[in-house]
Amino acid sequence: MKNVLFATTALIAAAGVASADVTVGGNAFMGVIYNAGDATTVASTDVAHSVRVTFGASVETDAGVTFGASSRITESNNGNNGQMEHGQVNMSSGGFTLRVGATHGAMRNTARVTTYLGFNRGGVVGNDNSTANTQTDGGNNVLVMYSMGDLTLAASTDAAGNAQEVGVAYTMNGFTLGLGANADNDAATDTEWMFKAGYNGGNYAANIGLNSDNDAVVTFSYDISDATALAIGAEFSTANGTTTTDYMGVQVSHDLGGASLVGTLGQNNSVTVAGLGVSFGF
């Protein structure tokens, strides 16, 4: 499969460029995060802030093929850590999409369930059913996806050709099912899988995600009003016949009209955490 994916990236478009678009955007946040501590760490209250600027560009050929690229710069807590990162180049035509660079793999694109809670891009409480060796947008990957109506097929590999993933997702009448699996030639366990099931009822949604690491993620969201939303998430893990709650949290966000006020309360590995802050996009 990896030979097919690499061959796909070598496609050369002969048609001329018909149009071009360049975009600059981003998001920022500021707020307070509380950590109650435990037997080994002391309680803390910290002020957090960050600015992220995103860059994007796309062109469309006379034949209707779209080529694009994106990257971003993130600066957090005046750490002078801002640098261009998460670069990605993509191509799409009809239902076909090719992404090269900082892109999630086939498993995350078809079978991921996650709820990141917190004004700081979900950094207060995070829940995810990704497996240990899942390809993420922090890596250098090649992803091919094809959508036919409600059906999406995906395949990916890392740039070195050591790990491959496949995935499939189907949506019908608000219900979504997704399944992904991988084959990592460098891993002690060669095969991992992720499963997703969910329902979107318009002003509410519920999802469950499972994986081969014996993790389960459950999420629920509800629009209380046009401006206020509720989100709940939890992650459970099972080992030696015992199930433990790794993460759980609840969040209420209110749209201020151009910005959002976000309050979060939860537990990370039995440690109570909370966050209150404002986030906005531009």
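**Entry 1: Asn129**

I looked up Asn129 and asked whether it is buried or exposed. Its relative accessible area is 0%, so I noted Asn129 as buried. The model is predicted, so I keep in mind that every value here is computed from it. Where does Asn129 lie? I found Asn129 in the loop between strand 7 and strand 8. Next I checked its side chain. A polar atom of the Asn129 side chain lies 3.1 Å from the backbone oxygen of Ala111.

**Entry 2: salt bridges around Asp128**

I moved to charged side chains. Side chains of opposite charge can pair when their charged atoms come close. How many salt bridges are there? The count comes to 3.

I took Asp128 and Arg108 as my starting pair. They form a salt bridge, with the closest N and O atoms 3.7 Å apart. The cut-off is 4 Å, so this pair counts. Asp128 is in strand 7 and Arg108 is in helix 2 (residues 106-111), so the bridge ties together parts 20 residues apart in sequence. I then checked how covered the two residues are. Asp128 is buried, with a relative accessible area of 13%. Arg108 also counts as buried, at 16%.

Asp128 has another entry in my list. Its side chain meets that of Arg112 in a salt bridge, 2.7 Å from N to O. Arg112 sits in the loop between helix 2 and strand 6, 16 residues from Asp128. I noted both Asp128 and Arg112 as buried. Which residues are linked in a network of salt bridges? They are Arg108, Arg112 and Asp128.

**Entry 3: Glu85 and Arg72**

I then looked at Glu85. Its side chain forms a salt bridge with Arg72, at 3.3 Å from N to O. Glu85 belongs to strand 4 (residues 84-93) and Arg72 to strand 3 (residues 66-76), so the pair ties together parts 13 residues apart in sequence. Are these residues buried or partly exposed? Glu85 is partly exposed, with a relative accessible area of 26%. Arg72 is buried, at 18%. Buried means under 20%, so the two residues fall on opposite sides of that cut-off.

**Entry 4: aromatic rings**

I searched the whole structure for aromatic pairs and found 4. A pair of aromatic rings is described by the distance of the centres and the angle of the planes.

Phe29 and Phe119 have ring centres 5.6 Å apart. Their planes stand at 75°, so I wrote down edge-to-face. Phe29 is in strand 1 (residues 17-35). Phe119 is in the loop between strand 6 (114-117) and strand 7 (125-128). The pair links distant parts of the chain, 90 residues apart. Phe29 is buried at 10% relative accessible area, and Phe119 is buried at 3%.

I turned to Phe280 and Phe282. Their ring centres lie 6.3 Å apart and their planes are at 50°, so this pair is tilted. Phe280 is partly exposed, with a relative accessible area of 38%. Phe282 is partly exposed too, at 49%.

I also noted one aromatic cluster, formed by Phe175, Tyr199 and Tyr204.

**Entry 5: strands 15, 16 and 17**

I followed the chain through two hairpins. How many bridges join strand 15 to strand 16? There are 12, and the strands run antiparallel. Strand 15 covers residues 228-239 and strand 16 covers residues 242-255. I picked out Ala231, whose bridge partner in strand 16 is Gln251. The hairpin has 2 residues between its strands. Asn240 in the turn has a positive phi of about 55°.

Strand 16 also pairs with strand 17 (residues 260-268). This pairing is antiparallel as well, over 9 bridges. Here the bridge partner of Tyr247 is Asn268, in strand 17. This hairpin has 4 residues between the strands, and Gly257 takes a positive phi near 85°.

**Entry 6: a nonpolar patch**

Last, I checked the surface. Which residues form a nonpolar patch there? They are Tyr146, Met148, Leu153, Val168, Leu179, Trp193, Ile208, Leu210 and Val218. Together they have about 720 Å² of accessible area. Strand 8 (141-148) and strand 13 (204-211) are the elements that give two or more residues to the patch. I looked at Val168 in particular and found it in strand 10 (residues 163-172). Val168 is partly exposed, with a relative accessible area of 32%.

Note on methods. Residues are numbered from 1 along each chain as its sequence is written. This is a predicted model: local features need pLDDT of at least 70, side-chain atom pairs count only at pLDDT 80 or more; totals for chains, interfaces and linings use all residues. Side-chain values use heavy atoms; hydrogens and water are left out. Rings of Phe, Tyr and Trp (its six-membered ring) pair if their centres lie within 6.5 Å; planes under 30 degrees apart count as stacked, over 60 as edge-to-face and the rest as tilted. Buried means under 20% relative accessible area, exposed over 50%, partly exposed in between (1.4 Å probe, protein chains only). Two strands pair if DSSP finds at least two bridges between them. Patches are made of residues with over 30% relative accessible area and no salt bridge: like charges are joined within 9 Å, nonpolar side chains (Val, Leu, Ile, Met, Phe, Trp, Tyr) within 5 Å. Accessible areas come from the Shrake-Rupley method with a 1.4 Å probe; for residues, only the protein chains shown count as cover. A polar contact is a pair of N or O atoms within 3.5 Å; within protein, one must be able to donate a hydrogen and the other to accept it, and residues adjacent in sequence count only if both atoms are side-chain atoms.
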